[in-house]
Amino acid sequence: MAVTTRLTWLQEKILQNYTGEKRLSLLYKASVHGFSKQALLDRCCNQGPTLTVIYSGDHVIGAYSQMSYQQGKHAAILLFTLQGTKISKCATGRYTPEILFDDEYMQYYSIDFQINVSNQKVIMSPKKIENLGLGQNRALSIQECEVFRCEDLLEERKIKVVTELRKSLLSALRTYEPYGSLVQKIRILLLGPIGAGKSSFFNSVRSVFQGRVTHQALVGTNTTGTSEKYRTYSIRNEEDGKSLPFILCDSLGLGEKEEGLYIDDIISILNGHIPDRYQFNPMKPITSSHHNYIDSPSLKDRIHCVAFVFDANSIEHFSSKMIAKIKSIRRVLIKCDMVHVALLTHVDNIDLITKADLIEIDRCVPVKLKIEEFQRKLGFALPDILVVSNYSSEWELDPVKDVLILSALRRMLWAADDFLENLPLEQTGNQKKEIIECAKGKK
């Protein structure tokens, strides 16, 4: 039977982050391998950085060493207590394993922290007890003792897999062709609350294809946002300088009630009536009498996919008015047969997320919980909720972030293909008719 830890999933996640994004591999469990110093050292020496966890009543006490347990050599120990989701830390001196895990009762008082596995006691000085918030007891009984090897989560093998996936995604997106060549470029409209990260997403996509972090679209840091104009952004591929087969369209943010983008303006954007750099009017939506209004837009001018952009950590702060507005817009999109997805940004800022979690995002419990919350409150289908980590203050590209960004973009293009495929013949001219006849001929 496999030996398992007493730590809860949440406790283990907190300790992973605390030790610098490490994987915790259980080496020793006193109740299984024996309450003795020798049993502990036999299993834990020369194992690299280690984390020792003591369970005593309601207290969980940890001792973290960045150096391997090795008899006769000193190791710096960092002490802490884990209470709920809070860690109280207390730096200590340098101890050898023989002193840290001592069996001689007479030596209990020679240092300020000591673990006696055989007698199942932890002894520490009044100062350490005070710093760790453990009350007045100088001696604590050990109900269980576990020692973990702390390994880097981002193994070289995983990074290699991510790098290869990034390369594959870049190749697929550079050679992508919209369904049936009905249009040369897919237009993706970014909608979302003010400050959700719409402009940052465009900058992030552009950065990946440019091979460096760029900031073409102005990004705001206040509650008013910065996108007051309708902008259509083409992106050039850094390798050959050619324009890529998609356009990201940025718009005014969605505000409470009558603030922000009007639903009538959204409909005009969807149908291709609003030109690039149109200045939104905070008092009224655009009408056909406006001098820049596009009277007869073609299919290439229309929107082919809508991406709602949300801060992944914002859903609990949405007011009932904002939720009602988003649902109202979704009803309009559904009525227009417009495919749409949700894009959650700032996923790396979710509590307890590590960089390694971003590699295996589908298995990450905190991310799953956020996705389910958006699905429950806003009604998006779970497969239509995508997650990314935008570039904000970084100086260099990160292959893990790139994979999330490129994967989300690819899903949007697939959604746009579905939209084009479902268009009625009268909206596509003879092109779609030829595609259908060609498909029948192949059959």
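Tutor: Before we start, a salt bridge here is a side-chain nitrogen of Lys or Arg within 4 Å of a carboxyl oxygen of Asp or Glu. Keep in mind that this is a predicted model.

Student: OK, which residues are linked with Arg23 in a network of salt bridges?

Tutor: Start with Arg23, whose salt bridge to Glu151 has its closest N and O atoms 3.9 Å apart. Glu151 also pairs with Arg149, at 3.2 Å. So, with both distances within 4 Å, the residues in the network with Arg23 are Arg149 and Glu151.

Student: How many residues apart are Arg23 and Glu151?

Tutor: Arg23 sits in strand S1 (residues 22-29), while Glu151 belongs to strand S9 (residues 144-152). That pair links distant parts of the chain, and the separation is 128 residues.

Student: Now Lys370, which pairs with Glu316: is Lys370 buried or exposed?

Tutor: Its closest N and O atoms to Glu316 are 3.5 Å apart. Glu316 has 40% relative accessibility, so Glu316 is partly exposed. Lys370 comes in at 13%, and because the cut-off for that class is under 20%, Lys370 counts as buried.

Student: Switching to the nonpolar side, which helix gives the most to the largest core?

Tutor: That core has 89 residues, and Ile188, Phe209 and Phe310 touch the most other members. One helix contributes 13 residues, the most of any, and that's H12 (residues 399-422).

Student: And which Leu residues in the 400s is Phe209 in contact with?

Tutor: Leave aside the neighbours within four places in sequence. Phe209 then has contacts including Leu170, Ile235 and Phe246. The ones you want are Leu406 and Leu409.

Definitions and conventions. Residues are numbered from 1 along each chain as its sequence is written. This is a predicted model: local features need pLDDT of at least 70, side-chain atom pairs count only at pLDDT 80 or more; totals for chains, interfaces and linings use all residues. Side-chain values use heavy atoms; hydrogens and water are left out. A nonpolar core is a set of buried Ala, Val, Leu, Ile, Met, Phe, Trp, Tyr and Cys residues joined through side-chain atoms within 4.5 Å. Buried means under 20% relative accessible area, exposed over 50%, partly exposed in between (1.4 Å probe, protein chains only). Helices (H or I, at least four residues) and strands (E, at least two) are DSSP runs, numbered from the N terminus. Contact means heavy atoms within 4.5 Å.
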